[in-house]
Amino acid sequence: DVGVNRRGAENAIQLPGPLTLAFMTYADGLQKMTAAARAQGHELMLHVPMQPVSEAMDPGPNVLRDDLPGAELMQRLGWGLDRFQGYVGINNHMGSRFTASPEGMALVMRELKARGLLFLDSLTAGNSLAGAAAARAGVPYAVRDVFLDNEPDDLAAIHRQLAILEQTARERGYAIGIGHPHDGTVTALRQWIPEMRARGFALVPISAIVRHRQRLATQQTAGG
């Protein structure tokens, strides 16, 4: 999740990919940053601010809220979706309250379906309805497994989270980690990427994991 911290985003863009970089809707300089990310071989997503449970937390401008009329929600969502081109889908910034709103998530999923986009649930709360809403709307989706940098200044803690990510991938075949362009996170990833490749893992863009999930679902349906 990048964009607002411009220097951090530029450092993340320089990491070997393919990473999936989700750019904040309200970040400045999106055209230049997203073009650089594409040129570096990364996949793009849109990071959309959604209402948290705590009103003390500020998710930023044009946040999707569960108390807004549908027309206002659509206007805010459309503004974000039109900020730049070439992304494969969206994920939520904060959103512990909004992702639990059946009406709000249904509206978001209808728009994503119309635009051919996927949804990655950052899973900021355990009661998220995003996956169910995506399934009902026929929107491809996936769910975050590990947050990498809840302790952004502790390099060892980030490496421990990356180890959990590897273990998840080893057990299930894939895993999704979300991090932010803190100096510690970028440093950890710079160290980890060549090491994980040497251990037989591969970085893939989020769209590859979503396609894999769809194939598995199709096989299970056919087998059931």
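This report describes the fold, the strands, the unusual backbone positions and two buried helix residues of a predicted protein model.

## Overall fold

The secondary structure of the protein chain amounts to 8 helices and 7 strands. For a chain of 224 residues, a compact globule would be expected to have a radius of gyration near 17 Å, and the value of 17 Å computed for the protein chain agrees with that expectation. Taken along the principal axes, the C-alpha atoms fill a box of roughly 50 × 50 × 35 Å. Of the 224 residues, 48% count as buried, and the protein chain exposes about 10600 Å², of which carbon and sulfur atoms supply 52%. Among contacts in the protein chain with a separation of 6 or more, 66% are accounted for by residues 24 or more positions apart. The charged side chains number 22 positive and 22 negative, and the centres of these two sets lie 7 Å apart.

## Strands β1 and β2

Strand β1, which covers residues 20-24, pairs with β2 in the parallel sense over 5 bridges. Within this pairing, L21 stands opposite L44 in β2, while F23 stands opposite L46 in β2. Because 4 of the 5 residues of β1 are buried, β1 is largely enclosed by the rest of the structure.

Strand β2 spans residues 43-50, and 8 of its 8 residues are buried. In a regular strand the side chains alternate between the two faces of the sheet. In β2, one side carries E43, M45, H47 and P49, the other carries L44, L46, V48 and M50, and both faces are covered, since all of these residues are buried. The β1 partners named above, L21 and F23, therefore stand opposite residues that belong to one and the same listed side of β2, namely L44 and L46.

## Strands β3 and β4

A second parallel pairing is formed by strand β3 (residues 89-94) and β4, which are joined by 3 bridges. Here N91 stands opposite L120 in β4. From β4, L118 and L120 point one way and F119 and D121 point the other way, and all of them are buried.

## Backbone positions that stand out

Most residues other than glycine have a negative phi, and most peptide bonds are trans. Against that background, a cis peptide bond joins G17 and P18, with omega at about 5°. P18 lies in the loop between α1 (6-13) and β1.

Two residues other than glycine have a positive phi: for N62 the angle is near 60°, and for L123 it is near 55°. N62 belongs to the loop between β2 and α3 (70-81), and L123 to the loop between β4 (118-121) and α5 (130-137). Why does N62 count as partly exposed? Its relative accessible area is 30%, and partly exposed residues are those between the 20% limit for buried and the 50% limit for exposed. L123, at 29% relative accessibility, likewise counts as partly exposed.

## Two buried helix residues

W192 is placed in helix α7, which runs over residues 183-198, whereas L81 is placed in helix α3. The table sets their accessibility beside that of the two loop residues.

| Residue | Relative accessible area | Class |
|---|---|---|
| N62 | 30% | partly exposed |
| L123 | 29% | partly exposed |
| W192 | 7% | buried |
| L81 | 1% | buried |

Both helix residues come together with residues distant in sequence. W192 and L162 are 30 residues apart in sequence, yet their C-alpha atoms are 8.0 Å apart in space. Leaving aside neighbours within four places in sequence, W192 is in contact with H159, L162, L165, E166, R199 and L203.

For L81, the C-alpha atom is separated by 7.7 Å from that of T25, although the two residues are 56 residues apart along the chain. With neighbours within four places in sequence again left aside, L81 is in contact with L46, Y87, I90, E111, L112, R115 and L117. One of these, L46, is the residue of β2 that F23 stands opposite, and L46 is itself buried. The contacts of L81 with L46, together with the pairing of β1 and β2, thus link the description of helix α3 back to that of the first two strands.

Conventions
Residues numbered from 1 in each chain as written. Predicted model: local features only at pLDDT ≥ 70, side-chain atom pairs only at ≥ 80, totals over all residues. Heavy atoms only, no water. Rg over C-alpha atoms; globule rule 2.2 N^0.38 Å. Buried < 20%, exposed > 50% of the residue type's maximum accessible area, 1.4 Å probe, protein only. Contact = heavy atoms within 4.5 Å. Areas by Shrake-Rupley, 256 points an atom, 1.4 Å probe, with all protein chains shown as cover. Lys, Arg positive; Asp, Glu negative; His and termini not counted. Charge placed at Lys NZ, Arg CZ, Asp CG, Glu CD. Pairing = 2+ DSSP bridges.
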